[in-house]
Amino acid sequence: MSGCDDSGTNPVPSITPSSSPSLQEFNIGPAGGTVEYRSTVENVTLTLDIPPAAVSADTVISIDHAQNFPAASGLVNGAVFEFGPADLVFDVPVELRITYA
């Protein structure tokens with residue numbers, strides 16, 4: 001799990017011990033913040049901008065490479081991701097950007 005700086009809006013990612021070395025977790029509070037996940041498999045960066053009031057309490061958001069997904073042509077190798085928690089519903093819209101380098 002990770003912490004925030006004094007403003008509470010800039011989460012600092014850390015690798016969490018698990019069976020997946022690519023799992024990263026971020027702590028986001030009601031003030032919002034930006035989550036940046038840098039893939040350990042491909043040169044892909046996910047940026048999730050979470051505005052204030054998107055969550056009502058401190059929430060751990062996880063991002064990992066998907067382990068089980070249907071085979072489909074056109075999928076970029078290493079660019080299928082899982083977000084958690086699975087039951088999270090944001091109270092206001094968030095923005096996800098995917099950057100391939």
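The accessible surface of this chain comes to about 6,000 Å², and 55% of that surface belongs to carbon and sulfur atoms. Please keep in mind throughout that what we are looking at is a predicted model. Of the 101 residues of the chain, 37% count as buried, and I will come to some of those after a word on the overall layout.

The secondary structure comes to zero helices and seven strands, so if you read along the sequence you meet the pattern β-β-β-β-β-β-β. If we take the contacts in the chain with a separation of 6 or more, residues 24 or more positions apart account for 53% of them.

Let me turn to the inside. The largest nonpolar core has 14 residues, and those with the most contacts inside it are I28, V35, Y37, L46, I50, I63 and F81. Strands β2, which covers 24–28, and β3, which covers 33–38, each supply at least two residues of this core, as do β4 and β5. Which strand gives the most to this core? That is β4, with four residues.

Staying with strand β5, I would like you to find H65, which is found in that strand. Is H65 buried or exposed? Its relative accessible area is 7%, and because buried means under 20%, H65 counts as buried. If we leave out residues up to four places away in sequence, H65 touches S22, Y37, S39, T40, V41, G78, V80 and F81. One of these, S39, is joined to H65 by a polar contact of 2.8 Å between the two side chains. You can also look across from H65 to E82, since the C-alpha atoms of these two residues are separated by 6.0 Å, although they lie 17 residues apart along the chain.

Now to the charged side chains. Side chains of opposite charge can pair when their charged atoms come close. In this model the count comes to three salt bridges, and I will go through each of them.

In one of the three, E36 pairs with R38, and the closest N and O atoms are 2.5 Å apart. E36 is partly exposed, at 32% relative accessibility, whereas R38, with a relative accessible area of 52%, is exposed.

Another salt bridge is formed by D49 with R97, where the closest N and O atoms are 2.3 Å apart. This pair links distant parts of the chain, as D49 sits in strand β4 and R97 in strand β7, 48 residues apart. D49 counts as partly exposed at 21% relative accessibility, and R97, with a relative accessible area of 34%, is partly exposed as well.

R97 also forms a salt bridge with E95, and here the closest N and O atoms are 3.2 Å apart. E95 is partly exposed too, with a relative accessible area of 41%. Salt bridges that share partners thus join D49, E95 and R97 into one network.

Strand β7 has a part in another surface feature. A nonpolar patch is formed on the surface by F83, L96, I98 and Y100, which together have about 380 Å² of accessible area. Strand β7, residues 95–100, gives the most to this patch, with three residues. Where, then, is F83? Its place is in strand β6, residues 81–84, and F83 is partly exposed, with a relative accessible area of 38%.

I would like to close with the loops. In the loop between β6 and β7 we find P85, and the peptide bond from G84 to P85 is cis, with omega near 0°. The same loop also holds L88, which lies between β6 and β7 and is partly exposed, with a relative accessible area of 25%. Leaving aside neighbours within four places in sequence, L88 is in contact with V55, T59 and I61. With I61, the C-alpha separation is 8.7 Å, and the two residues are 27 residues apart along the chain.

Finally, in the loop between β4, residues 44–50, and β5, residues 59–65, please look at A53. What is there to notice about its phi? A53 has a positive phi of about 75° although this residue is not a glycine, and at 46% relative accessibility A53 counts as partly exposed.

Conventions: Residues numbered from 1 in each chain as written. Predicted model: local features only at pLDDT ≥ 70, side-chain atom pairs only at ≥ 80, totals over all residues. Heavy atoms only, no water. Patch = residues over 30% accessible without salt bridge, like charges linked within 9 Å, V, L, I, M, F, W, Y side chains within 5 Å. Areas by Shrake-Rupley, 256 points an atom, 1.4 Å probe, with all protein chains shown as cover. Salt bridge = Lys/Arg side-chain N within 4 Å of Asp/Glu carboxyl O. Buried < 20%, exposed > 50% of the residue type's maximum accessible area, 1.4 Å probe, protein only. Core = buried A, V, L, I, M, F, W, Y, C linked by side-chain atoms within 4.5 Å. Polar contact = N/O pair within 3.5 Å; in protein donor to acceptor, adjacent residues only side chain to side chain. Contact = heavy atoms within 4.5 Å.
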